[in-house]
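Student: I should like to look closely at one part of this structure and then to see how that part relates to its surroundings. Please take the charged pairs as the point of departure.

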Amino acid sequence: MLLEKIISISGKPGLYKLVSQLKNGFIIEDVTTKKKVSIGNSSQVSLLDNIAMFTFDKEVPLFEVFENIAKNHDYKEALSHKSSEDELKEFMGASLPNYDTERVYNSDIKKLAQWYNILHKAGYITPESFVKAEPETVDGEATEEVSIEKESPKKAPKAEKPAAPKVKASTGAKAATKSTHRKMG
């Protein structure tokens with residue numbers, strides 16, 4: 001998917017593509033101007049791939065909402081984020097019919113329209129943009145069974161780990177403390 005490395009930075013207008021990671025920050029590229037800059041680790045960065053919108057029964061990933069907008073507008077520009085509140089609500093209702101009107105604010109709808117149009121202008125909104133990678137096949141058959149088998153052994157040791165500290169509480173507690181420090185440091 002072309003949209004996986006697109007980010008929003010708190011306090012900076014527009015959207016950016018994550019180009020690479022540095023020791024103490026990131027190199028980013030403005031999706032519209034293609035200008036590259038570096039930002040520090042202290043910047044509040046949100047990966048669009050991790051953002052979802054509320055409906056009354058679940059959360060819908062932002063890219064699914066973008067895909068709905070694209071299909072509704074024949075992969076063309078959508079309405080402006082500066083449109084009236086009524087027009088924005090109508091736009092949202094068409095893009096995500098079951099959206100939670102209590103938790104999705106007008107400002108969220110404006111940002112959605114603005115981000116969609118930025119991505120469209122930058123050439124990221126195409127039918128190919130939303131195609132996810134196909135599962136690999138072996139001799140014409142999907143390899144889902146293989147990945148499921150691989151996941152099973154990983155889950156078994158996790159279930160066994162809580163039993164180990166019960167036998168040797170002091171050793172287990174020390175090991176847990178050490179492993180926690182390794183992960184964080």
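With which residue does K71 form a salt bridge, and how far apart are the closest N and O atoms?

Tutor: In this predicted model, K71 forms a salt bridge with E67, and the closest N and O atoms lie 3.6 Å apart. That separation satisfies the criterion because a side-chain nitrogen of Lys or Arg need only be within 4 Å of a carboxyl oxygen of Asp or Glu. Side chains of opposite charge can pair when their charged atoms come close. K71 and E67 both belong to helix α1 and are four residues apart, so about one helical turn separates them. E67 has a relative accessibility of 22% and counts as partly exposed; since the class of buried residues is confined to values under 20%, E67 falls outside that class.

The structure holds three salt bridges, and the other pairs may be taken in turn. In helix α2, K89 is joined to E85, with 3.3 Å between the closest N and O atoms. These residues, too, are four apart in their helix, so the spacing between K89 and E85 is about one helical turn. Both partners are partly exposed: K89 has a relative accessible area of 40%, and E85 has a relative accessibility of 43%. The pair R103 and D100 has its closest N and O atoms 3.1 Å apart. Here R103 is partly exposed at 41% relative accessibility, whereas D100 is buried, with a relative accessible area of 8%.

The helices that carry the lysine pairs also meet one another. The axes of α1 and α2 come within 9 Å and cross at roughly 100°, which makes α1 roughly perpendicular to α2. From α1, the residues V65, N68, I69 and N72 make the contact, and from α2 the residues F91, A94 and S95. By class, four of these residues are nonpolar and three are polar, with no charged residue in the contact.

Helix α2 has a further contact, with α3. Their axes come within 10 Å and cross at roughly 70°, so α2 and α3 are roughly perpendicular to each other. E85, L88, F91 and M92 of α2 meet N106, I109, K110, L112 and A113 of α3. This contact comprises six nonpolar residues, one polar residue and two charged residues. E85, the salt-bridge partner of K89, is thus among the α2 residues that touch α3. F91 belongs to the contact with α1 and also to the contact with α3.

Helix α3 itself spans residues 106-121. Its 16 residues reach 23 Å from the first C-alpha to the last, close to the 22 Å expected at 1.5 Å a residue. The buried residues of α3 are I109, L112, A113, W115, Y116, N117, I118 and L119. I109, L112 and A113 also take part in the contact with α2. The cover over the buried residues of α3 includes the helices α1 (62-72) and α2 (85-95), together with the strands β1 (6-9) and β6 (52-54). After α3 comes G123, which has a positive phi near 90°.

To return to the charged pairs: the bridges are K71 with E67, K89 with E85 and R103 with D100.

Definitions and conventions. Residues numbered from 1 in each chain as written. Predicted model: local features only at pLDDT ≥ 70, side-chain atom pairs only at ≥ 80, totals over all residues. Heavy atoms only, no water. Helix = DSSP H or I, 4+ residues; strand = E, 2+ residues; numbered from the N terminus. Expected span 1.5 Å × (residues − 1). Buried < 20%, exposed > 50% of the residue type's maximum accessible area, 1.4 Å probe, protein only. Contact = heavy atoms within 4.5 Å. Axes fitted to C-alpha atoms, helices over the stretch in contact; angles between N-to-C directions. Parallel < 35°, antiparallel > 145°, perpendicular 65-115°, else oblique. Nonpolar A, V, L, I, M, F, W, Y, C, P; charged D, E, K, R; others polar.
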